[in-house]
Amino acid sequence: MSTALESLVYSLVPKARQDEHLKRQLLAHCEEILSSHIGQTVEKDIGHLADLIKRHLLQTSPNGSSTLRFANLLSRLLEQPVLNRKHASLQFLHSLASTPTSTAITSAFLPSLAAPPPTRPSSKATTPTEPRPAQKGPRGKSKADILRDYRQQIGQPHIPESLILRDTLYLLQGISGKYVQFSVAKDAEQNKELVFADDPRYHVPAPTRALIHRLAEVGHLYQRVDTFVREREGKVGVGMIEQSLCHHLQTQLTEYYRLIAVLESQMSTAHQPDSTGRVNGADRDEDRTREEETGLTLKRLDVWIEDWRLRMRMMSVCVEGARDAQGGALVNLIHGYAENGDPFIRKFTNQLLEDVSKPFFVTLHKWLFSGELYDPFSEFFVAVDPELAHLQYMQPSLQGVGQLASDGGFGGDNIEDTSEGHAGGLQLWEQKYRFQEDMLPAFVGETFGRKIFSTGKSLNFIRYSCHDSDWVATREKLSNTGGTLQYSDIVGLERSIDAAYQIASQRLFDVFFDKYRLLDHLSALKHYLLLGHGDFVEQLMDTLGPSLSRPANALYRHNLTATLESALRSSNAQNDPPDVLRRLDARMLEYSHGEIGWDVFTLEYKVDAPIDTVLDPTAMVKYLKLFNHLWKVKRVESTLNSSWMRIAGGAKSFLRIPELDYDWHQIRLVMGEMIHFVRQLQAYCHLEVIECSWQELMAFVHKKEGDLDALIETHRAYLDRMVKKVLLLSPKAGKEENLLNHVRDVFNLVLQFREATDDLYNYCLSESARRDAEKDAARGVYTRIEQGTDRRYTEESLPGILARVKEYGASFSEKVQTIIHGLATHADLDCRFLGIRLSFSDFYKLKKEKEQHQRT
């Protein structure tokens, strides 16, 4: 056994043949390895192993403190379910503790630069190094030694590594050395050129030059990063995210300084040159061997700098990107490097983002949970309009509106001021804060970015516009949902965003629909401006009809207001909330010469903040357009109803003129067509458009999903749908109101037809009275006939009246045919169905064919 071990030691360590002490030490170490039990299969008795360890601890520290601490740690180890090989771990630690301590010189800073295994350095430390030429002599010199001797003979030896190593350490700090320097001239990209000084005494080989070029790259990148940090330190107006970037870079550079200091300490004292530039020591080969084993060399320096080369490259890339980006765009730029397959780059980028994104998350926390935007350097993806930054939502008092019976609240100036207030409230909601997509970090995403933007706006709206007294409770609920927002917990960030969005949106809906009764206002607009309260509309039409037939300049607003209040008290509208009724007002539009009251009368519903955010001035204008159209339809229907009742009742009583029976029959036919047209149009507007749109709006309101922007968009869609369908607007550019103009022409024809039939009716009354008087005279009964008979209703005027009646009836049929033809090709399906109902039996088609046949 001992002979075999000696042969093994001699083959592996030839120096042991001459060094008896080294041979004995190596043999003892081999026997110790062979006698150890590490790795052998033994029974896993943790109790026995613990007793051995306790004995060892009692030998090292007799006071017993180490033994008690070991017992405590062992009990905690046995309770851990994660570790499976507990016995093997204890056995390994016990073996390490039992191994004798090596006498080798180790480095306190760079363990991998320490001496080789324990036995060889210890032999070098205790025994002199034996010369090796005795063994290598017969083999001759290597080519490297021959080339070295040749350069020594011609006077151009290789430069000592100690000199070039010192310059390399300078280069790593961006400083030019004695033999290697950075060029002073810079190119457009601020890249420096590495220049080797011309020294006739030394020669720098090509491999060394290439290695120095690799190492000098780190120094150049370091100088670029350091310059950026120093520039930002003395610059005014640097953003907080950029300051965080500089802080992280400075921390990295501090670690880099520490590494340089450690590397300098590792330079051997043997590297100190003498006055002649030669290295101290009698035996140069021996020193070189010792330096290669224990000291710092260029190759070892390259190994140690490799990790920092990658770091410096990443920091340099971030520095270059930071010159053209700031805030969220800078965070987004750095985040782009996180999606890399290299684990080192991914880890470095994540650490960098963790520090750089802290100011972003601080601003995000204040905006998301308080509705406050603290962004002094415009780095957040939510920006505030500087002109609106110091304005707050105003909630004007309704005192100026007054009671409906009073006249103080219906001045024209007050209406204009109210409109301006409405515009201001909507402007604050839509324009005070802006969403900047280019400043949104990619790890947040546009969907969550929109939720963050909406949540902060909603909280700000609740605080400053709605003056919510329960804001403290809402903020407390929000603070319970959100923990610490940070880059390393993206899942928690998304969860906090969703929770804050739902809480803020739900609270905002509650404020609007419970505190400010938004649903009551929407219902009031539907009942009054869209003529949903039938009894109120009939009452208003009956009471206002005589007044509106007069010229517009003969009407007064206080009379209209009194009539409106009377109609409200005479209908079921009196059961509506008082706050709704006092917002309703009657007024006149701007009129021109010749217009009557029907042309300028309108109802108005006044809203204030914060309701005007949803019912904005643009929406109220659309409501007025719908009211004016529906009011005209209602006027035409009322006119036709009254005319039909008078004609149907008078035909059997006092309109007994046989020669006009056919004409009256034709009038009733045309009037039936008109009534059918108007009622189909009314049914379409109220049942298929307004009610269906209202049901869609109510479905959204009851779900209470989304935010205030979603509510505004839903209301706008509801209103736009009604405007497009009720007014029969066409999607074709330049032809949007063609059908609407035809419908208005039909309304005018109906009113003109009614005037013509009234003239014919009056003529029949006069003629019937004259014929009755003649019959009475023939019977000897004389009745009194007034001398001032109206000359408009004489036999000479009858042909003109009949011609007007016939002309208006024919024009009505032609216009209706044009409307039906336009509806048949309309883009909207409901409008096409309206055309089918207006001529459900192809009445107008057959009528048109019959007229064409008669002409031919």
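This passage describes the fold, the nonpolar cores and a surface patch of a predicted model. Local features were considered at pLDDT of at least 70 and side-chain atom pairs at pLDDT 80 or more, whereas totals for chains, interfaces and linings use all residues. Residues are numbered from 1 along each chain as its sequence is written, and side-chain values use heavy atoms, without hydrogens and water.

The chain comprises 32 helices and six strands, taken as DSSP runs (helices, H or I, at least four residues; strands, E, at least two) numbered from the N terminus. Of its 856 residues, 43% are buried (under 20% relative accessible area, with a 1.4 Å probe and protein chains only). Of the contacts (heavy atoms within 4.5 Å) between residues at least 6 apart in sequence, 75% join residues at least 24 apart.

The largest nonpolar core (buried Ala, Val, Leu, Ile, Met, Phe, Trp, Tyr and Cys residues joined through side-chain atoms within 4.5 Å) contains 115 residues. Its largest share, 18 residues, is contributed by helix α27 (residues 661–703). Tyr528 is among the residues with the most contacts inside this core; beyond four places in sequence, the contacts of Tyr528 include Phe536, Leu568 and Phe627. Another core, of 78 residues, lies apart from it and includes Ile212 and Tyr487.

At the surface, Phe92, Leu93 and Leu96 form a nonpolar patch (nonpolar side chains, Val, Leu, Ile, Met, Phe, Trp or Tyr, joined within 5 Å, from residues with over 30% relative accessible area and no salt bridge, that is, no side-chain nitrogen of Lys or Arg within 4 Å of a carboxyl oxygen of Asp or Glu). Together they have about 320 Å² of accessible area (Shrake-Rupley method, 1.4 Å probe, only the protein chains shown counting as cover). Leu93 belongs to helix α5 (residues 86–98) and is exposed, with a relative accessible area of 53% (exposed, over 50%).

Technical notes:
Patches are made of residues with over 30% relative accessible area and no salt bridge: like charges are joined within 9 Å, nonpolar side chains (Val, Leu, Ile, Met, Phe, Trp, Tyr) within 5 Å.
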